[in-house]
Amino acid sequence: MSMILFASVVRVRDGLPLSASTDFYQAPELLACRRRLKTVASRLAQHPGRGSAESRDFSIYFSSAGGVACLAICSLQCPAAMAFCFLETLWWEFTASYDNTRIGLASRPYAFLEFDSVIQTTKWHFNTLSSPQLRGSLEKIQEELQFQPPAVLTLDDTETANGTLANGHTPIYSEPAPRFRMEPVTALGILSLVLNIMCAALNLIRGVHLAEHSLQITPEEIGNILAFLIPFTACIFQCYLYLFYSPARTAKVALIFLSICLGNVYLHGLRNAWQILFHIGVAFLSSHQILSRQPQETRADCGV
């Protein structure tokens with residue numbers, strides 16, 4: 001009998017599922033436990049690195065580090081050390097296969113579903129190997145669990161698939177049900193990011209150089225330094241607005257674009273007209289890309 005029944009890899013900050021087992025079990029109890037696992041995954045940022053939750057029929061284990069978490073549904077007979085050893089192995093395999101930038105930019109559920117082949121291999125490895133073959137790894141994990149016990153979460157057994165309690169009332173959550181993610185990054189958007197980072201670096205270098213080599217700090221010198229550093233900050237914020245959702249984006253984009261324009265106009269004399277036009281052009285391109293990349297509303301209960 002298999003002890004590890006289902007596994008999933010998620011992004012900690014928002015619970016976005018990145019990959020999961022694609023073997024389907026029709027047992028209603030396991031399907032219900034998978035729905036509870038998604039609830040646990042959506043709240044991983046509130047919990048420590050290791051934890052477990054037990055239902056009537058199965059146990060849920062999770063282990064997270066570096067913004068990536070692995071979760072598993074196991075039989076009640078599965079030792080905790082074996083489950084955490086499996087999750088740690090899965091975490092190392094996933095983080096070795098995909099870099100943090102690609103994970104952070106993932107915008108759709110199960111963007112790395114091809115990793116399922118590794119999950120299946122790892123599951124088979126742990127479900128079929130005998131205890132002596134795993135003894136070394138299990139003893140190490142067991143010592144870690146004794147030194148730092150995992151958190152134990154409680155699952156509400158009255159929760160149903162639709163999020164409605166058995167008494168007929170819908171639970172009230174402190175956060176909105178839909179979560180917003182941005183549309184996929186485009187090639188033009190990546191170009192705007194690269195140019196924006198280059199402009200930010202130029203502004204920072206010139207501003208720091210001017211501050212270090214000023215013989216005397218006059219109001220004019222302070223104005224020039226700020227005219228370099230403010231656009232530097234604005235360029236960095238433009239990159240953030242393009243990559244991540246933020247409310248009132250239009251107002252923020254307009255304010256940032258205006259600050260970059262005014263800063264570069266103020267620097268007329270320290271920069272020629274072509275340099276000023278280049279910085280303003282990059283700011284305009286970035287502003288256009290930010291406003292063109294719309295948020296898309298996705299639900300937390302997406303299935304594999």
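**Close-ups of a predicted model**

Tyr 240 is partly exposed, at a relative accessible area of 39% (buried is under 20%, exposed over 50%, partly exposed in between; 1.4 Å probe, protein chains only). This is a predicted model, where local features need pLDDT of at least 70, side-chain atom pairs count only at pLDDT 80 or more, and totals for chains, interfaces and linings use all residues. Residues are numbered from 1 along each chain as its sequence is written, and side-chain values use heavy atoms, leaving out hydrogens and water.

**View A. Phe 86 meets Phe 126 edge-to-face.** Across the whole structure, eleven aromatic pairs turn up (Phe, Tyr or Trp rings, the six-membered one for Trp, with centres within 6.5 Å; stacked under 30 degrees between planes, edge-to-face over 60, the rest tilted). Here the centres sit 5.6 Å apart, with 80 degrees between the planes. The pair links distant parts of the chain, helix H2 (residues 80-97) and helix H4 (residues 116-128) (helices are DSSP runs of H or I, at least four residues, and strands are E runs of at least two, numbered from the N terminus). Both Phe 86 and Phe 126 are buried.

**View B. Phe 237 and Tyr 240 stack.** Their centres are 6.0 Å apart and their planes 10 degrees. Both belong to helix H7 (residues 219-243), about one turn apart. Phe 237 is partly exposed too, at 33%.

**View C. Strand E1 has company on two sides of the pairing list: E5 and E2.** E1 runs antiparallel to E5 (residues 68-75) over seven bridges (pairing takes at least two DSSP bridges), with Val 10 opposite Ala 69. With E2 (residues 17-20), E1 has three antiparallel bridges.
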